[in-house]
Amino acid sequence: KIAERIANNIYKEIRVEILKNKKFRKAMLEKAILEMVKVNKDLWSKLLINSALNPVSAIKKYSFREIIENKDSRELFKKLYREGYPIVKRKVQSQKQKLGNFIGPPAIVNSIFKNTYLSDFVLSLVAKKFGEVESSMLQDIRKNKPTEIEYINRTIIELGKEYSIKTPINEWIYSEVKKLEPKSKEKIKC
C-alpha cells in the first residue's frame with residue numbers, strides 16, 4: 001500500500017507539472033496531431049486498396065494471386081481502384097493532407113492502372129509477393145460472418161454521393177458481397 005501511495009503521489013505531481021508547463025503540453029499536442037495525420041493518410045490509402053482487393057477476393061473466392069492471374073478479376077480490381085481513387089484523394093485533400101504510400105504513391109498507382117500492359121506487369125510482381133493470401137473479407141464469408149464491406153466500400157459509396165462522384169462498380173460489388181453475408185434484418189441499400 002505504501003508503494004502504491006508513493007506511485008500515486010508521484011503520478012499526481014508529474015501530472016500537475018505537465019499541466020503547468022504550456023510548452024510541454026503544446027509540444028505533446030503537436031506530436032499527437034502529427035501522428036494522427038500520418039495514421040489518417042495511411043488509413044485512407046489502405047481503405048482505397050482494400051476497397052478494390054477485398055470484395056473481389058470475396059465474390060470470386062480467390063487468393064490475391066488468383067485475382068491478379070485471372071483477367072476478369074484483375075480488371076475488376078483495377079476498375080474499383082480507379083473509381084475509388086478520386087474520392088479518397090478528395091477526402092484526404094479536404095483534410096489538407098496527401099494520401100499515404102500504402103502500396104506506392106497513389107497517383108502513380110492510379111496512372112499505372114490506366115495502362116493495361118504496365119499494370120498487369122506490376123500486379124504480377126505483387127502476386128508473387130502475396131501468393132495464396134486470402135482477404136479477411138473472403139475469410140469472413142467462408143466463416144459465414146458479416147464482412148467489413150460496410151466500412152470499406154460503403155464508405156467509398158457515401159463519399160462519392162457527398163462529392164457527386166458516381167460509384168456504380170462499388171455499388172454493384174457492395175450488393176454482391178452483401179448477398180454472400182449471413183442474412184440479416186437490415187436491407188441492402190445503395
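These legends describe close-up views of a predicted model.

**Figure 1. The whole chain is built from helices, with zero strands.**
The chain holds nine helices. From the N terminus on, its elements run α-α-α-α-α-α-α-α-α. The chain has 190 residues, and buried residues make up 37% of them. Contacts were also sorted by how far apart the partners sit in sequence. Among contacts with a separation of 6 or more, 72% join residues 24 or more positions apart.

**Figure 2. Helix H4 packs against helix H8.**
H4 covers residues 71-94, and H8 covers residues 153-162. Their axes lie 10 Å apart, at an angle of about 65°. H4 passes H8 in a left-handed crossing. From H4, the contact draws on Leu 80, Gly 84, Ile 87, Val 88 and Lys 91. Facing them from H8 are Asn 153, Ile 156, Leu 159 and Gly 160. By class, this contact of H4 with H8 has five nonpolar, three polar and one charged residues.

**Figure 3. Helix H8 also meets helix H9.**
H9 spans residues 168-180. The axes of H8 and H9 come within 9 Å and cross at roughly 145°. This crossing, too, is left-handed. H8 supplies Asn 153, Arg 154, Ile 156 and Ile 157. H9 supplies Asn 170, Glu 171, Ile 173 and Tyr 174. The residues of the H8 contact with H9 divide into four nonpolar, two polar and two charged.

**Figure 4. Helix H8 carries several buried residues, including Arg 154.**
The buried residues in H8 are Asn 153, Arg 154, Ile 156, Ile 157, Leu 159 and Gly 160. Asn 153 and Ile 156 appear in the contact with H4. Asn 153 and Ile 156 also appear in the contact with H9. Arg 154 lies over the face of Tyr 174, at 5.2 Å from the ring centre. Tyr 174 belongs to H9. Just after H8, Ser 164 takes a positive phi of about 55°.

**Figure 5. Two tyrosines stack within helix H4.**
The structure holds one aromatic pair. Its members are Tyr 81 and Tyr 85, and the pair is stacked. The ring centres are 6.5 Å apart, with 15° between the planes. Both tyrosines lie in H4, four residues apart, about one turn of the helix. Tyr 81 has 2% relative accessibility, so Tyr 81 counts as buried. Tyr 85 has 9% relative accessibility, so Tyr 85 counts as buried too.

**Figure 6. Arg 74 is a buried arginine in helix H4.**
Its relative accessible area is 12%. Buried means under 20%, so Arg 74 falls within that class. Residues up to four places away in sequence are set aside here. Beyond them, Arg 74 touches Ile 67, Ile 68, Glu 69, Asp 120 and Leu 123. Asp 120 and Leu 123 fall in helix H6, residues 116-130.

**Figure 7. Gly 131 sits in a loop between two helices.**
The loop joins helix H6 (116-130) and helix H7 (136-142). Gly 131 is buried, with a relative accessible area of 15%. Which residues does Gly 131 contact, leaving aside neighbours within four places in sequence? They are Ser 63, Phe 64 and Arg 65. Gly 131 and Arg 65 are 66 residues apart along the chain. Their C-alpha atoms are separated by 4.9 Å.

Note on methods
Residues numbered from 1 in each chain as written. Predicted model: local features only at pLDDT ≥ 70, side-chain atom pairs only at ≥ 80, totals over all residues. Heavy atoms only, no water. Axes fitted to C-alpha atoms, helices over the stretch in contact; angles between N-to-C directions. Left-handed = near helix turned anticlockwise from the far one by under 90°. Contact = heavy atoms within 4.5 Å. Nonpolar A, V, L, I, M, F, W, Y, C, P; charged D, E, K, R; others polar. Phe/Tyr/Trp six-rings, centres within 6.5 Å; stacked < 30°, edge-to-face > 60°. Buried < 20%, exposed > 50% of the residue type's maximum accessible area, 1.4 Å probe, protein only. Lys NZ or Arg CZ within 6 Å of the ring centre and 35° of its normal.
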